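Okay, thanks for coming, everyone. I'd like to walk you through a structure that's probably new to most of you, so let's get it up on the screen.

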Amino acid sequence: MKLKQLEGLLGSLEQFSHPKIELEQYPTGHHIASRMLFSAENSFGDIGDKVVADFGCGCGTLGLAAALLGAEHVIGVDIDVESLAVASANAEDLEVDMEFVQCDVRNFGWRGQIIDTVVMNPPFGTRRKGADMDFLSVALKVASQAVYSLHKTSTRDYVKRTVLRDYNASSAEVICELRYDVPKLYKFHKKKEVDIAVDLWRFVPK
Amino acid sequence: MKLLTHNMLSSNIKGVTNGFPLKIEAEKIIERPVEINPVFLKNMFAKLEWKPLVEASRTMGFSELPEDVPDMSVLDSDEFLQKFHHALLEIHLEEGALVCPETGRKFPVQKGIPNMMLHEDEV
C-alpha cells in the first residue's frame, strides 16, 4: 500500500465525538499516523505478519493503520469504552480485523512474548504528569521487537535517558520530528489550533 | 475476542501470582473466516501455551485440536494448520466472561471486548 493511500483511508475514520480531557484524548492525525506506521513497516519490517498492540488506541487510528499494512493480529487497548466502540466501528468500515481490550494500560496483564510491536500515541502527560512514561514502561515490557511512540520534542533527553536506564530498552532512536496539530477540542483552548513539536521514536527492548 | 488474544491475556489483580489462563464463560460465540497465513501460524505455535488453547477452543465448541502439545512436524500438515488457524483466529467470544483462575473474579466480555478494568482495591 502506498503512503498516500494509507493516509487517505485513515483520514476517513471517525474520531472522538465527546473527547475527555482527563484522558487527554486527542485524535492522532492521519498525516502523522500514516507516516509512523509506514516507516515502521517499510524501514524496519515491524508490522507485516506481526502481532501489534496499540496502547491507548482511542478511535483506533494507529492499530488500524497497522492492520492495513498487513499486521496479522492487532489489539487495541484503551480505558475508555466509548472510544473502543468508535474504533470497532472504524475497523468494520475499513473491513479490517482488530481486537480490543478495555483496560488501563498501566494495569495491562499479559503473558509470554506474543506481541511483537507496540504502537502508541500516549497521553503527553500534561494533565497527569508522567502518563506517557507509564505507557512507555509497560510497552517496553510487552513488546518483543519494537515500540513506536510519540513524545513531545521538549522531553527528548529525558525520554532517552529514562528508557535506557530504567525501562529495559537497548536502543532509543528519534526517527523524525513532526508537527502535531492540536485542534481546538476543549473549552480551555484559547487558540484555534496549535502546533506542537513531537518526536517519533523507535525503541528496541532488550 | 479471538483465542489468540485469550492466550496472552492474564488477570493482573493485586496479589494474584498466576492469572493465566483465564477461564472462559461463553454466552455467544461467532465465527468469522479469515485468510490463513501458514508462516504466521508456525511462528505463533512456538509462542503459545497449547493446553489453554485446547481448553478454550473446547469451551467454545471446537474440540478438534489434539490434547497434548503436538510435535513441530504437524505444522507440515495442511489439515492441522487449518484446525489450528480456525481455533486461534476464527472463533470469537462475543458475549460472556473471562474468569480469574485464582480469585474467581469475572471480567465481562461484551460485543467481543473484554473489560479488564480493575477496581481500586485490586490495583
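So, chain B: of its 123 residues, 50% count as buried. Keep in mind that what we're looking at is a predicted model. As for what chain B is built from, we have four helices and four strands. If you read along the sequence, the pattern goes α-β-α-α-α-β-β-β. The radius of gyration of chain B comes out at 15 Å, close to the 14 Å that the globule rule gives for 123 residues, so this chain is as compact as a globular protein of that length. And if you want a feel for the dimensions, the C-alpha trace of chain B spans about 50 × 30 × 20 Å along its principal axes.

Right, on to salt bridges. How many does the structure hold over all chains? There are 19.

Since we're on chain B, take B:Arg58 and B:Glu67, whose side chains meet in a salt bridge at 2.7 Å, N to O. B:Arg58 is partly exposed, with a relative accessible area of 37%, and B:Glu67 is partly exposed too, at 46%.

Now over to chain A. A:Arg202 makes a salt bridge with A:Asp46, and their closest N and O atoms are 3.0 Å apart. Why does this pair tie together parts that are 156 residues apart in sequence? Well, A:Arg202 lies in strand β7, residues 193–205, while A:Asp46 lies in the loop between α2 (30–42) and β1 (51–55), so the bridge links those two parts of chain A. Buried or exposed, these two? Both A:Arg202 and A:Asp46 are buried.

Strand β7 comes up again with A:Asp195, which forms a salt bridge with A:Arg179 at 3.6 Å, N to O. A:Arg179 is in strand β6, residues 169–183, so here the pair ties together parts that are 16 residues apart in sequence. With 47% relative accessibility, A:Arg179 counts as partly exposed, and at 40% A:Asp195 counts as partly exposed as well.

There's also a little group to look for in chain A: A:Lys20, A:Asp80 and A:Glu82 are linked in a network of salt bridges.

Last stop, the surface. Which residues form a negative patch there? They are A:Glu14, A:Glu92, A:Asp93 and A:Glu95. Zooming in on A:Glu95, you'll find it in the loop between α4 (81–94) and β3 (99–102) of chain A. A:Glu95 counts as exposed because its relative accessibility is 73%, and the cut-off for exposed is over 50%.

Okay, that's my tour. Over to you!

Notes: Residues are numbered from 1 along each chain as its sequence is written. Chains are lettered from A and ligands numbered from 1 in the order in which they are written. This is a predicted model: local features need pLDDT of at least 70, side-chain atom pairs count only at pLDDT 80 or more; totals for chains, interfaces and linings use all residues. Side-chain values use heavy atoms; hydrogens and water are left out. Patches are made of residues with over 30% relative accessible area and no salt bridge: like charges are joined within 9 Å, nonpolar side chains (Val, Leu, Ile, Met, Phe, Trp, Tyr) within 5 Å. Accessible areas come from the Shrake-Rupley method with a 1.4 Å probe; for residues, only the protein chains shown count as cover. A salt bridge is a side-chain nitrogen of Lys or Arg within 4 Å of a carboxyl oxygen of Asp or Glu. Lys and Arg count as positive and Asp and Glu as negative; His and the chain ends are not counted. The place of a charge is taken as NZ of Lys, CZ of Arg, CG of Asp or CD of Glu. Buried means under 20% relative accessible area, exposed over 50%, partly exposed in between (1.4 Å probe, protein chains only). The radius of gyration is taken over C-alpha atoms; the globule rule is 2.2 Å times the number of residues to the power 0.38.
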